[in-house]
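Please open the model in the viewer and keep the selection panel at hand. The tour below proceeds one selection at a time.

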Protein chains: 2
Amino acid sequence: MSRPSIKALAFDVFGTVVDWRGSIAREMQALAAEKRIVIDGGAFADAWREGYVPAMQRVRVGELPWMRIDALHRLILDSLAPRFGFEAFDEAELDRLNRVWHRLDPWADTLEGLTRLKRRFVITPLSNGNFALLTNMAKRAGLPWDCVISAELFRHYKPDPETYLGTADLLGLEPAELMLVACHPSDLRAARAAGLKTGYVARPLENGPGAAAAPFMPDEFDIVADDFVDLDRLLG
Amino acid sequence: MSRPSIKALAFDVFGTVVDWRGSIAREMQALAAEKRIVIDGGAFADAWREGYVPAMQRVRVGELPWMRIDALHRLILDSLAPRFGFEAFDEAELDRLNRVWHRLDPWADTLEGLTRLKRRFVITPLSNGNFALLTNMAKRAGLPWDCVISAELFRHYKPDPETYLGTADLLGLEPAELMLVACHPSDLRAARAAGLKTGYVARPLENGPGAAAAPFMPDEFDIVADDFVDLDRLLG
């Protein structure tokens, strides 16, 4: 498939580039073991993530002032302490746990796929994660971004159109020269509505084994790929 | 010298990381030869650069609306056409020439120095060059930035304090945890006034052979280095 007009790829990060659920579950279980308490890491990760969209929504509608994801994550984390039994964690432990989002591990194909795609395209994250979070994550995991773009730069969270259009503008591109790559149909639909090209990548384990992926129509997106290496092949 | 509190280094780019004068002189001379005209590439580069600070100053005081460096460079370039005899360049040639700032070559020590510094610090540009310019430059030259930060993100040009403080804020750092690295004392003085650490790097050839560097006092900056490899050693 020839797409000569695409110059840059912007990647959703949580779920698309990195395995947030597995990473958080592993870190929480290690921390719980250290503290000699029992916590279901997967259930904890799911609960934390469930608070994410509603918290951003409160910012998007103006019910909360602009806040970084680090701050929103901490609000949600504090609310989960009684339910999961980590009220006894001290401030330093909670702060370190909150920053697990800076230390998420990539999927097995991520580094090889990004390295291949970088040969022909400008590659950047476009994430609701804050700028420092994305920068720290990339440094730790070796994500070979050409630059780092966060919703924080626009003070708008995805799926607000300012994020997609702002990314094209920062890169000096027309919206149609930029492709959003994501495993979430809702994100891709908003990008398409803003005039971007769209690339769906399947991440069947994002929400854990057996969880169903959100459905989409066969022709909704420009490309549907199995992983990042497949995406590189399809962009051929 | 132990400086445990420094977590990130922000680099001035034009002159400090890349040799703007040599790169522009080479490209202009090649273009002139192709057009069978004679242009002194070094004098042309100097004239273009001379228009840079006054043009930014017009933005800083509000005489011009916010404009990217790409647009300011083009304003200056157009004004130089009669003097240097390239009125006959067509729009595509002028546009390509204007983007030579996206294609500047690094100094001989730049890649090795940055690669070493990246092992211990977050490294980012902090340049008045626009975001796309810095991203394209890094991709072409292989500059191993952890992220890209441009004055464009703050809609303030250096030496406005918003640029230095905004960089620390985006990286989630206190100003004193961030060092500005530059070959221009004026930039470093403004960074120091904003609370940043400062690293001077000598670039004796920035303005061509024989041009004098701007003077500074022996104790004005936290570190004074010969080049980026020396900076890495001094930050040891």
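How many of the 11 residues of H7(A) are buried? Select residues 131-141 of chain A, which form helix H7, in this predicted model. The helix is mostly covered, with 8 of its 11 residues buried. These are A:Phe131, A:Ala132, A:Leu133, A:Leu134, A:Thr135, A:Asn136, A:Met137 and A:Ala138. Next, display what they pack against: in chain A, helix H4 (69-84), strand S2 (122-127) and strand S3 (149-150), and in chain B, S2 and helix H8 (161-170). Just after H7(A), select A:Gly142, which has a positive phi near 75°.

**The contact between the chains**

Now show both chains together. Chain A and chain B each bring 13 residues to the contact. On the side of chain A that touches chain B, helix H7(A) supplies the largest share, 5 residues. By residue class, that side of chain A comprises 9 nonpolar, 2 polar and 2 charged residues.

**Strand S4 of chain A**

Move to residues 178-182 of chain A, strand S4. Each of the 5 residues is buried, so the strand is largely enclosed by the rest of the structure. In a regular strand, side chains alternate between the two faces of the sheet. Here, A:Leu178, A:Leu180 and A:Ala182 lie on one side, A:Met179 and A:Val181 lie on the other, and both faces are covered.

Add the neighbouring strands. Strand S1 (residues 8-11) of chain A runs parallel to S4(A), joined to it by 4 bridges, and A:Ala8 has A:Leu178 as its bridge partner. Strand S5 (residues 197-201) of chain A also pairs with S4(A) in the parallel sense, over 4 bridges; there A:Ala182 stands opposite A:Tyr200. Including helix H9 (residues 185-193) of chain A in the selection completes a right-handed β-α-β unit formed by S4(A), H9(A) and S5(A).

**The sheet of chain B**

Turn to chain B and select its strands. An open sheet of 6 strands appears, ordered S3-S2-S1-S4-S5-S6, with parallel pairing. Strand S3 (149-150) and strand S6 (223-225) stand at the edges; each has a single partner strand, so one side of each is left without a neighbour in the sheet. Zoom in on S3(B): 2 bridges join it to strand S2 (residues 122-127) of chain B, and B:Ser127 stands opposite B:Ser150.

Finally, select helix H9 (residues 185-193) of chain B, which lies across strand S4 (178-182) and strand S5 (197-201) of chain B. The helix runs at about 170° to S4(B).

Key: Residues are numbered from 1 along each chain as its sequence is written. Chains are lettered from A and ligands numbered from 1 in the order in which they are written. This is a predicted model: local features need pLDDT of at least 70, side-chain atom pairs count only at pLDDT 80 or more; totals for chains, interfaces and linings use all residues. Two residues are in contact if their C-beta atoms, placed from the backbone, lie within 7 Å. Ala, Val, Leu, Ile, Met, Phe, Trp, Tyr, Cys and Pro count as nonpolar, Asp, Glu, Lys and Arg as charged, and the others, Gly among them, as polar. Two strands pair if DSSP finds at least two bridges between them. Axes are lines fitted to C-alpha atoms, for helices over the stretch in contact, and angles run from 0 to 180 degrees between N-to-C directions. A residue is buried if 20 or more other C-beta atoms lie within 10 Å of its own, exposed if 12 or fewer, and partly exposed in between; C-beta atoms are placed from the backbone. A crossover is right-handed if, with the strands pointing away from the viewer, the path from the first strand over the helix to the second runs clockwise.
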